[in-house]
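Subject: Structure handover

Dear colleague,

Here is the structure we discussed, with the sequence alongside. My notes follow below.

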Amino acid sequence: MLVDHVLHSQNAGLLESVLMPFDIYNDSAQQALVVLKQRFLYDEIEAEVDHCFDIFVSNLCDDIFTYYKSWAASELLDPSFLFALDNGEKYSVQPMRFTALLKMTRVKLLGRTIDLRSLIAERMNKVFRENLEFLFDRFESQDLCSIFELEKLLDVLKSAHELLSKDLLMDAFSLMLSEMQENISLVSYSSRLASQIWMEMRNDFLPNFILCNTTQRFVRSAKIPSVPVQRPSVPSAKPNFYCGTQDLNSAHQTFAQLHSGFFGMAHMFSIVRLLGSRSLPWLIRALLDHISNKIATLEPMITGLQEALPKSIGLLPFDGGVTGCMRLVRENLSWGSKPELKAEVLRGIKEIGSVLYWMGLLDIVLREVDTTHFMQTAPWLGLIPGVDGQILQGQDSGDSPVVTLFRSATSAIVSNPGCLDPTSFHTLSKQAEAADLLCKANMNTGSVLEYALAFTSATLDKYCSKWSAAPKTGFLDITTSKDFYRIFSGLQIGYLEESVQLPPNNHEILGDSVAWGGCTIIYLLGQQLHFELFDFSYQVLNVAEVEVASLLQTHKNPHLAQGWESLLEAMKKARRLNNHVFSMLKARCPLEDKVACAIKQSGAPLHRIKFENTVSAFETLPQKGA
């Protein structure tokens, strides 16, 4: 009771004397053996001491863990947040004198010497591992957006480990984290966290999240998934497994909840930092394989839609106006009796677009990380940034500053007669040369997005004969083409028409990823100009412009009263988004005389592949006088 009172009183002065009550047991054991000479009484005292000391060590370790966890969580709070509060002092942690207890290695108890420091260290290693296990279990019971909260909680735990390690010898935090992630093996490039992220992306994120291109965020779709995602229940734990105290838990969870309803750049930074350079390539490869599998799944569906197209679809006439054009579109693009097939193709294209946009966000984050790494290492390696992202050697000599520094320091020390062991300094100089080579080799990193686009292009090569057939006549097919751009054009105008209907509409279900997926496939197949010439929604916009111009010439009200305003506005937005996607693709993956890296289906890279020039639609049109 006395020990519990000291531990729970939070009195720093009493804490250093917390072991004094155990002297009562020492005196009682001495009295039982020497004075009373009662062995059974000593056995009872010994049993009670063992039980009480175990409880004491457990409670003491729990208080130590809570204190250091609260200290770390308080240090990681945003200073501006604390400055804006009137009662910010409730988030501060009062100092406790655990240092003296953490240094005790010889505690006398019933004639035995106990290493209290070793017992606390052993218990702390176990508690930190249990905390890591709880955090991963908690993440596995939530969606991908909780990766931001996981990183913040891991930062708190890591900071607490660093603070405690100043007074106690513990296992390295990286070692404990690797054990809990199950990637101790040198040949294992996956991890528990990477596998969970991929599982969440495959089962929930890609099917059920939609892209908002304006905010660069993914949000959950309004559509209820047909198959609910099965997750374990959220585990419960004591407050010290979060941030230490209830007040600190509330502050950190409030901040984490601001990022729980979407997936954006902050979450991508969390993924890059948590997975690191070891597990991130495994996740990228899994996503690329998903693109390949999804394209293979879409191939028979696209074939079905090609068969459902009429044999001939001409250009939309201008004399019928917007109303006549939309009537012709509905008649020609009914897709027969295959509405489910159309919806399934749209979902497949949407998932491909989501993966590619996700790769684009990852590419932005990795470039920022690489830039930070370059700024930190470039002065030591003698490197300077050049034009077009090139890295140039800043010095004329072959040695970098770090090699020169260690080499000159080694020469100065070895030349000193008082140097007893010059071998270690020569080894240090050699290690500097090895570090210089390794760092320079990792400077010229490639683009994840360009790699993903090259992989997608290589995957589409198998379907070029079906999705991008050469015209039989040698001229551009205007009415009989069934290439992919024609299929996507028909899907897009139907999708846009449904998007202006009452909610929940198609845009709330599919988002902007459809444009990213469809336009990327069109671009990589070399059909961009064909699409921009003959897309049905673009033709309707051209007819609408002519119709408005004719009404202005006749001094009539140019306002279209037929009820097509919302549809025309949706078409304009779609055209702007398509143009944005095409401009990004031209900048990141130009097809004309492009020297790049492609990837075989087996995953082996093909370096320095030169893409053929894209066939221009205008070059295939019949010329005058021909």
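Cys243 has a relative accessibility of 1% and therefore counts as buried. Cys325 is buried too, its relative accessible area being 0%. On disulfides, the cut-off is a pair of cysteine sulfur atoms within 2.5 Å, and by this rule the count is 0. Please keep in mind throughout that this is a predicted model.

The chain as a whole

The protein chain contains 24 helices and 9 strands. It has 626 residues, and 45% of them count as buried. Its accessible surface is about 32,400 Å², with 57% of that belonging to carbon and sulfur atoms. As for contacts between residues at least 6 apart in sequence, 74% of them join residues at least 24 apart.

The H15 and H16 pair

Two packed helices are described by the angle between their axes and the distance between the axes. Helix H15 covers residues 401-414 and helix H16 covers residues 422-441; they pack at an angle of about 175°, and their axes are 9 Å apart. Angles over 145 degrees count as roughly antiparallel, and H15 and H16 are therefore roughly antiparallel to each other.

Which residues of H15 and H16 meet? From H15 the list is Val402, Val403, Phe406, Arg407, Thr410, Ile413 and Val414. From H16 it is Pro422, Phe425, His426, Leu428, Ser429, Ala432, Glu433 and Asp436. By type, the residues of this contact divide into 9 nonpolar, 3 polar and 3 charged.

Two residues of this contact also turn up in the C-alpha distances, namely Ser429 and Asp436. Ser408 lies in helix H15, and its C-alpha atom is separated by 9.0 Å from that of Ser429, with the two positions 21 residues apart along the chain. Is Ser408 buried, partly exposed or exposed? It is partly exposed, because its relative accessible area is 43%, and the partly exposed class runs between 20% and 50%.

Asp436 is paired in the same way with Thr377, which is 59 residues away along the chain; their C-alpha atoms are separated by 9.7 Å. Thr377 belongs to helix H14, residues 339-381. Its relative accessibility is 15%, so Thr377 counts as buried, the limit for that class being under 20%.

Helix H11

Helix H11 spans residues 246-257, and Gln257 is found in it. Gln246 has its place in H11 as well. Are these two glutamines buried or exposed? Gln257 has a relative accessibility of 55% and so counts as exposed; Gln246, at 55%, counts as exposed too.

Each has a listed partner from elsewhere in the sequence. For Gln246 the partner is Ser70, 176 residues apart along the chain, with 9.8 Å between the C-alpha atoms. For Gln257 the partner is Phe148, 109 residues apart, with 9.4 Å between the C-alpha atoms.

A backbone point at Gln216

Most residues other than glycine have a negative phi. Gln216 has a phi near 55°, a positive value in a residue other than glycine. Where does Gln216 sit? Its place is in the loop between strand S3 (209-212) and strand S4 (217-220). At 34% relative accessibility, Gln216 counts as partly exposed.

Those are my notes on the model.

Regards

Notes:
Residues numbered from 1 in each chain as written. Predicted model: local features only at pLDDT ≥ 70, side-chain atom pairs only at ≥ 80, totals over all residues. Heavy atoms only, no water. Axes fitted to C-alpha atoms, helices over the stretch in contact; angles between N-to-C directions. Helix = DSSP H or I, 4+ residues; strand = E, 2+ residues; numbered from the N terminus. Parallel < 35°, antiparallel > 145°, perpendicular 65-115°, else oblique. Contact = heavy atoms within 4.5 Å. Nonpolar A, V, L, I, M, F, W, Y, C, P; charged D, E, K, R; others polar. Buried < 20%, exposed > 50% of the residue type's maximum accessible area, 1.4 Å probe, protein only. Areas by Shrake-Rupley, 256 points an atom, 1.4 Å probe, with all protein chains shown as cover.
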